[in-house]
Amino acid sequence: MPGLFITLEGPEGSGKTTQLPLLSAWLTAQGYDVLRTREPGGTSIGERVRELLHDPAHTEMSARAEILLYSASRAQLVAEVICPALAAGRVVLCDRYFDSTYAYQGYGRGLSLADLRAITRFATDGLMPDVTLYLDVKPEVGLQRRVTGGEEMNRLDREALDFHRRVRAGYLELASAEPERWVVVDATGSVAEVQAQLREGLCPYFVGVR
Ligand code: TMP
C-alpha cells in the first residue's frame, strides 16, 4: 500500500496532543498530503464510542467490554479513514493505535496479549503502522502535567499510579521487541526539543514516499 502510516503513542501527559499538530504542519510544509486522526474516535461512530469509553461515570465497564469498544472504534477508523487515505498516497498521522490496547488493556489491565492480538488482527484486517513514535515520560511526571495543564481527567487517567507504571513498562517492552518500527523519544524536554527528536526519528521512514 502506498502512503505512510505513522502512529503516535505515549502515556498520559506525554505531550502527544501538543506535538501532533506541529509534526503535521512540518510534513505539510515538506509537500506531503497529511491526514491527522485519533483513537478512539476519528469517525462519527468512533467519536460516540469515545464518549462511552471516557465517561468517568462508567465505572462498571468490564475490561472485555472496554477492549471491544476500543476495537470497534479502530475497525471503523481503519475502514472509513485510514485505508482510503493510504491508498490515495497520503501520510496518515494517528494519535494512538493498537499499541495503546497492548499497553493499557494488556500490560495495564492484565488481559492476555495473545487474545488482544487476535481481536486487533480482526479489527484492523492486519493493518500495521509503518512507524510508531513513542513519547516516553514517567507516569508521575505525565499525570502531574495533566493536572497542572488543567486538562480533563478521563476514566483511565483516574487509574492508580501502579496501573500507569505498568502501561509505561509495557510500551518500553513493545518498543524493544520491534525496534525497526518504533522511534522512542524522551518527552521530558521542551516542546521544541521533543519536536526536533520526532522529526529526526521520522526521516529514515520517508525515503521513497511522495
Ligand atoms: P487521549 O486521547 O487523551 O490520548 O486518551 C485516550 C485514552 O484512552 C488514554 O487514557 C488511553 C486510552 N486507550 C486505551 O486504554 N486503549 C486503547 O486502545 C486506546 C486507543 C486508548
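## A walk from the pocket to the loops

The lining of the largest pocket is a mix: 12 of its residues are nonpolar, 14 are polar and 12 are charged. Keep in mind that what you're looking at is a predicted model. The pocket itself has a volume of about 770 Å³, and 38 residues line it. If you want to find its centre, look for Lys16, Thr17, Asp95, Arg96 and Arg146, which lie nearest to that point.

So where does the lining come from? Several elements chip in with at least two residues each, among them strand 2, helix 2, helix 3 (63-87), helix 6 (139-148) and helix 8 (191-202). Helix 1 (16-29) is on that list too, and with 6 residues helix 1 gives the most.

Let's stay with Arg96 for a moment. You'll find Arg96 in the loop between strand 3 (91-95) and helix 4 (98-108). Its backbone is a bit of a surprise: phi is positive, about 75 degrees, although Arg96 is not a glycine. Is Arg96 buried or exposed? Its relative accessible area is 12%, and because buried means under 20%, Arg96 counts as buried.

Asp125 also has a positive phi without being a glycine, here about 55 degrees. This residue sits in the loop between helix 5 (113-124) and strand 4 (131-136). At 72% relative accessibility, Asp125 is exposed, because the cut-off for that word is over 50%.

One last stop is the loop between strand 2 (34-38) and helix 2 (44-54), where you'll find Pro40. The peptide bond joining Glu39 and Pro40 is cis, with omega about -15 degrees.

Terms used: Residues numbered from 1 in each chain as written. Predicted model: local features only at pLDDT ≥ 70, side-chain atom pairs only at ≥ 80, totals over all residues. Heavy atoms only, no water. Helix = DSSP H or I, 4+ residues; strand = E, 2+ residues; numbered from the N terminus. Buried < 20%, exposed > 50% of the residue type's maximum accessible area, 1.4 Å probe, protein only. 1 Å grid on protein atoms, 1.4 Å probe; cavity = no way out; pocket = protein on both sides within 12 Å on 5 of 7 lines; lining within 4 Å. Points joined across faces, edges and corners; volume = space filled by probe spheres on them. Nonpolar A, V, L, I, M, F, W, Y, C, P; charged D, E, K, R; others polar.
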